Amino acid sequence: MPISSLAALPIRRLTHRDLTACADLSEDRDWPREEHKWGLLLTAGRGYGIDDPDGGLVAACVVTEYGSGQRVELGAIGMVLVAERHSRNGVGRRLMRHVVAAMDGTPLTLHATPLGRPLYEEIGFKTVGRAEMLMGHFRPAGSEPSVPTRAATAEDLPSILRLDAEVFGVDRTPLLVRLPAFADQVRVAEEDGRIVGYTAAWPNMRTDVVGPLIARDTETAKALVESLAAHTDRPLRTDVDVRHEELLAWAKERGLAPVMSNAVMMLGAPDLPGDWTRRFAPLTVAAG
């Protein structure tokens, strides 16, 4: 298709009905289909896409919006994909500029692969951090964790939402209320009747993804990861903020190997809000 014809194709909102087309686009770029994750993002977030007249999608991405009330305070951009047959024709740049304009000055964040980073820098995103993806079969330490954990209950949800908003810096309620149905496990760390951390493990292809991982300190984060690993036989995968050096070293000792590293980028704000010292891993890099 000529570049001029590509530029004339409209950008539209995607819905859950586009899930299969989005998964097909992932597969076209040799990504996992990740239909479970696409399903969450297309319902909790706002999808944008360009239809291919020959069928399927030319490009797609999703923005997950966070904030209280009607005020959007942060948008997380993820799953930015352009079909291989249309790559290197400016489609990704056009889609990203459309999304930035649609968010109308709202601070935006994303996790960028080395391949995608130059495009985001051209648009104005700045690197503010880095996350390391780890994956593998977790080997238990053989000793009792120093922090008690348990399965979360419905009654814990208000406390989880309060803790998450405090640590993440903006309200993520529309996303997190979907977590119990989306994840196979949701667990909390508790001290004197107060929740001091929480995490989840959700199925993604052949792995269980650990995220979010919010914890009072590194020992609490370790205990939460161990508690998830004790209840699954599948390999674990997670994306850890590289500033949490102790947790990264511990996870590697326990069998999780580094896979890749992504830049954490921001547009419209100098850094992510909240308290990074208690924010160890995102639910998924696509949702911040």
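This is a conversation between two colleagues about the cavities, strands, contacts and rings of a predicted model.

Colleague: Happy to look at this predicted model with you. How many cavities of 30 Å³ or more does a search of the whole structure find?

Modeller: The search finds 2 of them. The largest cavity has a volume of about 250 Å³, and 21 residues line it. Closest to its centre are His111, Asp241, Val264, Leu272 and Arg279.

Colleague: What makes a space like that a cavity, where another one is called a pocket?

Modeller: A 1.4 Å probe fits in a cavity but cannot get out, whereas a pocket is an open set of points. The general idea is friendly enough: rolling a probe the size of a water molecule over the atoms shows where empty space is left.

Colleague: Which elements each supply at least two residues of the lining of the largest cavity?

Modeller: Those are β5 (108-112), β6 (126-136), β11 (236-241) and β13 (279-281). The largest share, 4 residues, comes from β6. By class, this lining has 10 nonpolar, 4 polar and 7 charged residues.

Colleague: And how much space lies in the second largest cavity?

Modeller: About 60 Å³. Its lining consists of Leu134, Val210, Leu213, Val225, Thr238, Val240, Leu247, Trp250, Ala251 and Leu256. Two or more of these residues come from each of β10 (207-215), β11 and α10 (245-253), and α10 gives the largest share, 3 residues.

Colleague: How do you know which class each residue in the lining of the second largest cavity falls into?

Modeller: Leu, Val, Trp and Ala count as nonpolar, while Thr is among the others and therefore counts as polar. The tally for this lining is 9 nonpolar, 1 polar and no charged residues.

Colleague: β6 caught my eye. Why are β6 and β12 (residues 257-267) called a pair of strands?

Modeller: Two strands pair if at least two bridges are found between them. β6 and β12 have 9 bridges, in the antiparallel sense, so they qualify. Thr127 stands opposite Met265 in β12.

Colleague: What about β6 and β11, in which sense do they pair?

Modeller: β6 and β11 pair in the antiparallel sense too, over 6 bridges. Here Met133 stands opposite Asp239 in β11.

Colleague: Let's turn to His16. Why does His16 count as partly exposed?

Modeller: Buried means under 20% relative accessible area and exposed means over 50%. His16 has 41% relative accessibility, which lies in between, so His16 counts as partly exposed. His16 is found in the loop between β1 (11-14) and α2 (19-28).

Colleague: Which residues does His16 touch, not counting those up to four places away in sequence?

Modeller: Gly39, Leu42 and Thr43. As for Leu41, His16 and Leu41 are 25 residues apart in sequence and 8.8 Å apart in space, C-alpha to C-alpha.

Colleague: On to the rings. How many aromatic pairs does the structure hold?

Modeller: There are 4. One of them joins Tyr66 and Phe168, with 5.5 Å centre to centre and 75 degrees between the planes.

Colleague: What makes the pair of Tyr66 and Phe168 edge-to-face?

Modeller: Centres within 6.5 Å make a pair, and planes over 60 degrees apart count as edge-to-face. The values of 5.5 Å and 75 degrees meet both conditions, so the pair is edge-to-face. The pair links distant parts of the chain, with Tyr66 in strand β3 (residues 57-66) and Phe168 in helix α6 (residues 157-168), 102 residues apart.

Colleague: How do you know whether Tyr66 and Phe168 are buried or exposed?

Modeller: The cut-off for buried is under 20% relative accessible area. Tyr66 has 2%, so Tyr66 is buried. Phe168 has 5%, so Phe168 is buried as well.

Colleague: Why is the pair of Phe182 and Trp202 called tilted?

Modeller: Planes under 30 degrees apart would be stacked and over 60 edge-to-face. The planes of Phe182 and Trp202 are at 40 degrees, with the ring centres 4.9 Å apart, so the pair is tilted. Phe182 lies in helix α8 (residues 179-182) and Trp202 in strand β9 (residues 194-204), so the pair ties together parts that are 20 residues apart in sequence. Phe182 and Trp202 are both buried.

Notes:
Residues are numbered from 1 along each chain as its sequence is written. This is a predicted model: local features need pLDDT of at least 70, side-chain atom pairs count only at pLDDT 80 or more; totals for chains, interfaces and linings use all residues. Side-chain values use heavy atoms; hydrogens and water are left out. On a 1 Å grid over the protein atoms alone, a cavity is a set of points where a 1.4 Å probe fits but cannot get out, and a pocket is an open set with protein on both sides within 12 Å along at least five of seven lines; lining residues have an atom within 4 Å of a point. Grid points are joined across faces, edges and corners, and a volume is the space filled by probe spheres set on the points. Buried means under 20% relative accessible area, exposed over 50%, partly exposed in between (1.4 Å probe, protein chains only). Contact means heavy atoms within 4.5 Å. Rings of Phe, Tyr and Trp (its six-membered ring) pair if their centres lie within 6.5 Å; planes under 30 degrees apart count as stacked, over 60 as edge-to-face and the rest as tilted.
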